[in-house]
Amino acid sequence: MAAPAPAGAAGSPSPPPQLPSPFAELVRSPSSLEKVVLRGSRNCCVEVYLYGGQVTSWKNDNGEELLFLSTKAIFKPPKAIRGGIPICFPQVWYPLSVMASLMFRKCLALTEMHLVMQFGTHGNLEQHGFARNRFWTIDNDPPPLPANPAIKAYVDLILRPSEEDLKIWPHSFEFRLRVALGPSGDLSLTSRIRNTNTDGRPFSYTFAYHTYFSVSDISEVRVEGLETMDYLDNLKAKERFTEQGDAIVFESEVDKVYLAAPSKIAIIDHEKKKTFVVTKEGLPDAVVWNPWDKKAKAMQDFGDGEYKNMLCVEPAAVEKPITLKPGEEWKGRLALSAVPSSYCSGQLDPLKVLQG
Ligand SMILES: O=P(O)(O)OC[C@H]1O[C@@H](O)[C@H](O)[C@@H](O)[C@@H]1O
């Protein structure tokens, strides 16, 4: 489905909208898609495309890229950009057939199945929904959002459904996204989704910040914070298992939804002596995904060997869809920071990072 062209695309070009922050600039990328560049202290920088509302770059004060973006990413709507932080809404995979099989194996209560059916019945809702395949616009006058006054580099984007979208998901909504670069180089995404249905109908959706982290070598990476958690394994028909008791390491394809995961998760890149700290609010679950070699080869917009240098840890609301009545608003926040790992005895102290 072709994404609607950006406002003002045809005919006379609309003047570039003014951005509220002097630390934010709207530029046109070589692919001719527009992106906002947020500049922080020293070389800290974030880029977010209006297409998909997608962050594609987050650099630290050494100018080092912290997110993974495939060298084969396609910057041509309606294809989603492979990498950065795609926004999965109003659905995180979970094709209806899978829901039915979960129901059959009594993995889901009838109520949850009913909720999911509300949008599962719209068939052509593509995998991961459509928010990442649409043009967002800059919102210069968003409702006030309590924020740290020290954060100067930010941009507010908004997505509303087009007539086309309403045919595949018949619900009116306003999805506001604030992308902010903090004074110490941390990155935060705050989503506010409001049900603006005028017919009194609630709607339910699942959601994920599909975050691609850049890592030196996936076999040198550990994830702390998900030990002993229950998860649904996408590679085993979403069957439910319990994670073993110590850090997660990677030796093959992984595609798991950790349920009711802690609010902080640490991704330790041993070789780079760096730890990503992922903090989530309003997002109970976390998807962990690495395609490994076979699936990497099968993806046209992903290099065959690129699985070695990426890991997706995706704060999400998947197991229990979020339901909003008309007028209700949901807020989901992702905060990312990158800290040196070897700051004490050369080893990361997971408790310090996760409880700090
Ligand atoms: O190619 P897409 O639609 O971006 O999805 C990539 C991966 O996204 C992950 O979140 C899913 O758990 C995987 O099953 C999926 O393959």
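## Who touches His-210?

Leaving aside neighbours within four places in sequence, which residues is His-210 in contact with? In this predicted model, the answer is Gly-84, Ile-85, Pro-86, Cys-88, His-128, Trp-289, Cys-312 and Glu-314. His-210 itself sits in the loop between β10 (203-209) and β11 (212-214). With a relative accessibility of 4%, His-210 counts as buried, because the cut-off for that is under 20%.

## The active site pair

Let's look at one of those contacts again. An unreviewed UniProt entry lists His-210 and Glu-314 under "active site". The two span 105 residues in sequence, but their C-alpha atoms are no more than 4.7 Å apart, so they gather at one spot. Both His-210 and Glu-314 are part of the lining of the second largest pocket.

Glu-314 belongs to strand β19 (residues 310-324). Its relative accessible area is 1%, so Glu-314 is buried. If you skip residues up to four places away in sequence, Glu-314 touches Ala-208, Tyr-209, His-210, Thr-211, Asp-285, Ala-286, Val-287 and Trp-289.

## The pocket around them

How big is the volume of the second largest pocket? About 440 Å³. It has 22 lining residues, and the closest to its centre are Arg-82, Gln-127, His-128, His-210 and Trp-289. Sort the lining by class and you get 9 nonpolar, 5 polar and 8 charged residues.

## Rings that pair up

Now for the aromatic side chains. A search of the whole structure turns up 23 aromatic pairs. Take Phe-68 and Phe-302: their ring centres are 5.6 Å apart and their planes meet at 50°, so this pair is tilted. The pair links distant parts of the chain, with the two positions 234 residues apart: Phe-68 is in the loop between β4 (54-59) and β5 (87-88), and Phe-302 is in the loop between α4 (292-298) and β19. Phe-68 is buried, at 6% relative accessible area, and Phe-302 is buried too, at 0%.

Phe-89 and Phe-175 make an edge-to-face pair, 5.3 Å from centre to centre with 80° between the planes. This pair also links distant parts of the chain, 86 residues apart: Phe-89 is in the loop between β5 and α1 (96-104), while Phe-175 is in strand β8 (residues 173-181). Phe-89 has a relative accessible area of 0%, so it is buried, and Phe-175 counts as buried at 0% as well.

## A cluster of rings

Phe-89 and Phe-175 also belong to one aromatic cluster. Its other members are Phe-130, Trp-136, Trp-169, Phe-173, Phe-203, Tyr-205, Phe-207, Tyr-209 and Trp-330. You've met Tyr-209 already: Glu-314 touches it.

Definitions and conventions. Residues numbered from 1 in each chain as written. Predicted model: local features only at pLDDT ≥ 70, side-chain atom pairs only at ≥ 80, totals over all residues. Heavy atoms only, no water. 1 Å grid on protein atoms, 1.4 Å probe; cavity = no way out; pocket = protein on both sides within 12 Å on 5 of 7 lines; lining within 4 Å. Points joined across faces, edges and corners; volume = space filled by probe spheres on them. Nonpolar A, V, L, I, M, F, W, Y, C, P; charged D, E, K, R; others polar. UniProt positions renumbered as here; feature names shortened; annotations may be inferred. Helix = DSSP H or I, 4+ residues; strand = E, 2+ residues; numbered from the N terminus. Buried < 20%, exposed > 50% of the residue type's maximum accessible area, 1.4 Å probe, protein only. Contact = heavy atoms within 4.5 Å. Phe/Tyr/Trp six-rings, centres within 6.5 Å; stacked < 30°, edge-to-face > 60°.
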